[in-house]
Amino acid sequence: MKVNNVIVVSIGQAGNQIAASFWKTICQEHGIDPLTGQTAQAQEPRGNWSAFFTRLGDGSGGSFVPRAVMVDLEPSVIEGVKDTSGSLFNPANLISRTEGAGGNFAVGYLGAGREVLPEVMSRLDNEIDKCDNVGGIIVLHATGGGTGSGFGSLLIESLKEKHAEIPVLACAVLPSPQVSSVVTEPYNTVFSLHTLRRSADACLIFDNEALFELAHRKWNIESPTVDDLNLLITEALAGLTASMRFSGFLTVEISLRELLTNLVPQPSLHFLMCSFAPLTPPDRSKFEELGIEEMIKSLFDNGSVFAACNPMEGRFLSTAVLYRGIMDDKPQADSALAAMREQLPLTYWIPTAFKIGYVEQSGISHRKSMVLLANNTEIARVLDRICANFDKLWQRKAFANWYLNEGMSEEQINALRASAQELIQSYQVAEESGAKAKVQDSSGDSPRTITDDGRTSSMSLRDLVDRRR
Amino acid sequence: MREILSIHVGQCGNQIADRFWRLVLREHGLTESGTPKAGANIAANANMEVFFHKVREGKYIPRAVLVDLEPGVIARIEGGDMAQLFDESSIVRKIPGAANNWARGYNVEGERIIDQIMNVIDAAVEKTKSLQGFLLTHSIGGGSGSGLGSLILERLRQAYPKKKIFTFSVAPSPVISDSAVEPYNAILTLQRILDNADAAVLLDNEALFRIAKAKLNRSPNYMDLNHIIALIMSSVTASLRFPGKLNTDLGEFVTNLVPFPGNHFLTASFAPMRGPGQEGQVRINFPDVARETFSQDNFTAAIDWQNGVYLSACALFRGDVKAKEVEENMAAIRKTLNFASYVPTGVKLGVADTAPEGFASSGLALVNHTGIAAVFERLIVNFDIMFDNHAYTHWYENAGVSRDMMATARNTIANLAKSYRDAS
């Protein structure tokens with residue numbers, strides 16, 4: 001069966017570590033051996049495997065190869081992937097260089113990144129050629145390091161230039177001092193935000209600040225490592241791609257493009273956050289199952305969002321809930337979600353944005369689980385935190401010489417910082433405009449006539465933006 | 001023979017197809033493969049050519065075209081117990097889906113395959129002797145059923161200007177929404193239904209859910225909801241397929257139900273409501289069936305009953321009912337229905353001898369009520385809030401549907417709502 005195919009490009013240390021964990025998980029979900037790419041007794045893999053895999057050869061020697069391209073400017077992580085993934089990946093798609101980016105956006109974007117770009121684009125084109133239909137490209141990267149931020153930006157821009165039609169979802173891990181000690185992280189993140197804002201079709205934020213807390217509080221890990229945080233990210237990624245990878249009688253297949261249609265109300269408002277339920281430690285999930293209502297409650301809890309902010313205090317522009325697992329209680333889930341929707345701080349000018357997806361195939365660690373994807377104005381708080389750290393450094397031009405030496409100008413840096421501010425502002429405007437009291441709806445007794453002249457007048461977002469300027 | 005060709009578009013349209021054809025097969029004594037069941041008396045049922053094409057002795061193929069931009073639902077029909085039923089050449093399935101976007105279904109993806117679809121439809125029409133019309137099932141809130149469904153409606157009307165086109169259109173529910181852009185998709189589709197169809201039966205999942213929940217005594221699932229739609233669809237055509245005393249066909253329905261051009265949006269009710277396999281043999285007397293058929297709770301769209309009037313109504317009773325009994329009971333019910341002052345006649349009646357399988361008798365109402373304006377008004381309220389704030393419109397503009405086109409559709413449907421309110 002032909003389905004939409006998705007290619008996953010992972011960049012830099014964090015991106016590739018997440019990718020390794022993600023591919024391992026979805027191999028297991030499809031019944032593919034993560035070391036050989038083969039299936040037991042040469043069976044057909046479960047679900048719509050061709051969404052994320054290509055088939056190599058047939059019969060008992062046949063194997064399934066991830067539609068993956070992995071890039072790093074230094075060798076160690078890619079070597080690690082090679083050592084631990086057996087013959088799963090096509091070695092030609094594992095691309096690394098020796099010097100690294102030195103935690104510097106400019107090296108990834110302007111220096112070494114430019115040199116590796118042609119090879120990466122050619123491997124990507126090769127993957128694109130193998131697709132029946134490119135449903136989208138997912139880019140996994142962290143914005144704190146030099147490769148993830150710099151080369152990540154360069155690649156997303158080059159991709160959209162060449163293939164404007166293909167939807168690109170960037171999954172960006174934001175830095176936190178709790179987990180890492182690269183001092184230039186605020187610079188790198190702010191610089192890459194510009195590309196994420198201008199070129200990516202949507203950007204899903206994984207905020208290490210929040211993930212650290214979650215691993216600590218919910219998984220009871222004394223001092224969580226990046227591996228723990230990457231496991232959380234993997235759970236969310238597996239859940240949100242499940243509706244692209246499986247079908248079933250009750251399964252609602254949702255392509256990446258369909259997710260974007262629902263989640264992005266305006267081109268500039270495309271920064272998403274997510275949460276996952278249950279946040280039971282994976283080794284205990286078998287023994288401690290949450291009920292449907294509890295699961296939904298936990299999903300929307302400020303304390304379980306993968307971004308350090310309080311979505312229930314902001315405004316939801318749009319929401320998608322993806323449920324997977326045993327379908328017995330689907331009607332119960334439907335009504336619990338409808339009830340939850342009533343409690344959400346919605347945006348009055350987006351009355352219907354609540355997409356629900358169902359996938360019958362369970363995940364690996366939980367019999368039932370849910371992923372929430374939300375476009376919520378509280379993302380401004382997260383970005384604000386990064387920008388504040390940026391400003392502290394930039395006021396004193398601390399560490400700025402590294403960027404200036406690589407060919408960036410002060411002017412450019414100021415412009416990139418201003419771009420991040422515009423992004424924050426557009427979410428703040430959305431929050432203000434969304435707060436307007438709900439327009440009187442159909443509860444009235446008398447019939448309403450809505451004709452050309454009798455339209456409900458309302459302040460438009462555009463007006464508000466203009467006024468602020 | 002007055003054949004009917006069914007066209008199923010999109011995920012929802014094909015899920016309905018799955019339920020509908022199961023039901024029709026059973027009514028005609030056929031197996032899931034289209035062969036006569038042991039002991040079934042096919043010869044006695046001369047009218048089965050309406051829905052089936054007899055390829056050879058003992059093998060019938062549905063007059064159906066299945067179309068989707070996502071392969072999942074059709075693949076499951078093809079892989080299930082009805083795998084041998086449909087003609088492979090009448091199935092068109094393509095990737096990559098319309099992504100909930102009417103404009104992608106209508107323009108981007110639709111344009112690539114509309115010629116292929118029309119060829120398949122033409123080929124199916126050629127197998128008929130005297131086609132009376134088309135039934136189209138789809139949802140108007142998604143992307144494929146709404147956008148591609150709209151394109152098919154336009155091309156169907158061009159190619160077959162004299163044939164009747166009936167749509168069974170699943171409308172966004174006032175409470176549960178499937179996607180953020182439903183109001184846009186629905187309004188753009190309603191404009192095409194207005195311009196190209198002869199009648200549209202609106203069904204909303206919320207109403208179906210409510211009906212199913214009240215009548216099934218358990219939490220309904222989507223199969224239950226689609227089963228209700230299937231029961232309605234089969235009853236609409238029953239008097240053509242089975243011998244009876246009062247016959248109605250699609251043309252007669254339209255003549256009786258549509259008082260003004262364009263006011264062809266109907267709602268339906270089926271009684272007694274039972275889930276699949278739950279029909280039971282509980283004997284329900286005819287007055288109860290008739291009453292339930294016209295109970296406001298039992299209609300499939302969120303009609304504003306308080307502020308509207310009946311423009312017209314048809315009722316079709318099936319099974320063990322007597323024409324005299326029908327006329328007597330309906331005369332009484334007619335008095336309770338609030339008809340427009342300028343409509344003097346009663347309820348157009350039809351009777352067919354064979355009830356849906358499992359039922360001793362059943363009733364169907366198809367009505368044209370001005371309270372349907374509420375369905376359009378609700379959509380327009382949401383459409384306006386989003387449209388005025390430029391929410392989601394870029395997806396449409398990127399796929400070749402300008403804000404002007406969207407505004408035109410909105411105003412057309414606003415005028416339609418107004419024409420219903422004015423008709424009260």
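In the predicted model, buried residues account for 55% of the 469 residues in chain A. The secondary structure of this chain comprises 15 helices and 12 strands. Its radius of gyration is 22 Å, close to the 23 Å given by the globule rule for 469 residues, so chain A is as compact as a globular protein of that length. Measured out along the principal axes, the C-alpha trace of chain A spans about 70 × 60 × 50 Å. Of the contacts in chain A between residues at least 6 apart in sequence, 82% join residues at least 24 apart.Within chain A, 10 strands form an open sheet of mixed pairing, in the order E5-E4-E1-E6-E7-E8-E9-E12-E10-E11. The edges are taken by strand E5 (94-96) and strand E11 (354-359) of chain A, each of which has a single partner strand, so that one side of each is left without a neighbour in the sheet. On average, and with direction ignored, neighbouring strands of this sheet are turned by 20° against each other. At the E11 edge, strand E10 (residues 316-325) of chain A is joined to E11(A) by 6 bridges, the two strands running parallel, and A:Thr319 stands opposite A:Phe354 in E11(A). Helix H1 (residues 12-30) of chain A lies across strand E1 (5-11), strand E4 (68-72), strand E6 (134-142) and strand E7 (168-174) of chain A, and runs at about 125° to E6(A).

The largest nonpolar core contains 287 residues, and those with the most contacts inside it are A:Val139, A:Ile205, A:Leu272, A:Cys274 and B:Leu366. From chain B, this core draws at least three residues from each of domain 1 (3-267) and domain 2 (375-422). For A:Val139, when neighbours within four places in sequence are left aside, the residues in contact are A:Val9, A:Ile11, A:Gly152, A:Leu155, A:Ile156, A:Val168, A:Ala170 and A:Cys171.

Chain B likewise has a secondary structure of 15 helices and 12 strands. The radius of gyration of chain B is 20 Å, close to the 22 Å that the globule rule gives for 424 residues, so this chain is as compact as a globular protein of that length. Taken along the principal axes, the C-alpha atoms of chain B fill a box of roughly 60 × 50 × 45 Å. Buried residues make up 57% of the 424 residues of chain B, and 85% of the contacts with a separation of 6 or more in this chain are between residues 24 or more positions apart.

The domain assignment divides out domain 1 (3-267) and domain 2 (375-422) in chain B, and the C-alpha centres of these two domains lie 26 Å apart. To the contact between them, domain 1 of chain B gives 21 residues and domain 2 of chain B gives 20 residues. On the side of domain 1 that touches domain 2, helix H3 (102-108) and helix H6 (182-196) of chain B each supply at least two residues, and the largest share of that side, 8 residues, comes from H6(B).

The sheet of chain B is an open one of 10 strands with mixed pairing, in the order E5-E4-E1-E6-E7-E8-E9-E12-E10-E11. Strand E5 (91-93) and strand E11 (348-352) of chain B are the edge strands, each pairing on one side only, and the average turn of neighbouring strands against each other, direction ignored, is 20°. Strand E10 (residues 310-319) of chain B pairs with E11(B) in the parallel sense over 5 bridges, with B:Cys314 standing opposite B:Lys348 in E11(B). Helix H11 (residues 286-293) of chain B packs on the sheet, where it touches strand E9 (265-271), E10 and strand E12 (361-369) of chain B, and its direction makes about 30° with that of E12(B).

Strand E9 of chain B is mostly covered, 7 of its 7 residues being buried. In a regular strand, side chains alternate between the two faces of the sheet. Both faces of E9(B) are covered, since B:Phe265, B:Thr267, B:Ser269 and B:Ala271 on one side, and B:Leu266, B:Ala268 and B:Phe270 on the other, are all buried. Strand E8 (residues 199-204) of chain B pairs with E9(B) in the parallel sense over 2 bridges, and B:Phe265 in E9(B) is the bridge partner of B:Ala200. The pairing of E9(B) with E12(B), by contrast, is antiparallel and extends over 5 bridges, with B:Ala365 in E12(B) as the bridge partner of B:Ser269.

Terms used. Residues are numbered from 1 along each chain as its sequence is written. Chains are lettered from A and ligands numbered from 1 in the order in which they are written. This is a predicted model: local features need pLDDT of at least 70, side-chain atom pairs count only at pLDDT 80 or more; totals for chains, interfaces and linings use all residues. Helices (H or I, at least four residues) and strands (E, at least two) are DSSP runs, numbered from the N terminus. The radius of gyration is taken over C-alpha atoms; the globule rule is 2.2 Å times the number of residues to the power 0.38. A residue is buried if 20 or more other C-beta atoms lie within 10 Å of its own, exposed if 12 or fewer, and partly exposed in between; C-beta atoms are placed from the backbone. Two residues are in contact if their C-beta atoms, placed from the backbone, lie within 7 Å. A nonpolar core is a set of buried Ala, Val, Leu, Ile, Met, Phe, Trp, Tyr and Cys residues joined through C-beta atoms within 7 Å. Domain bounds come from an automatic or database domain assignment. Two strands pair if DSSP finds at least two bridges between them. Axes are lines fitted to C-alpha atoms, for helices over the stretch in contact, and angles run from 0 to 180 degrees between N-to-C directions.
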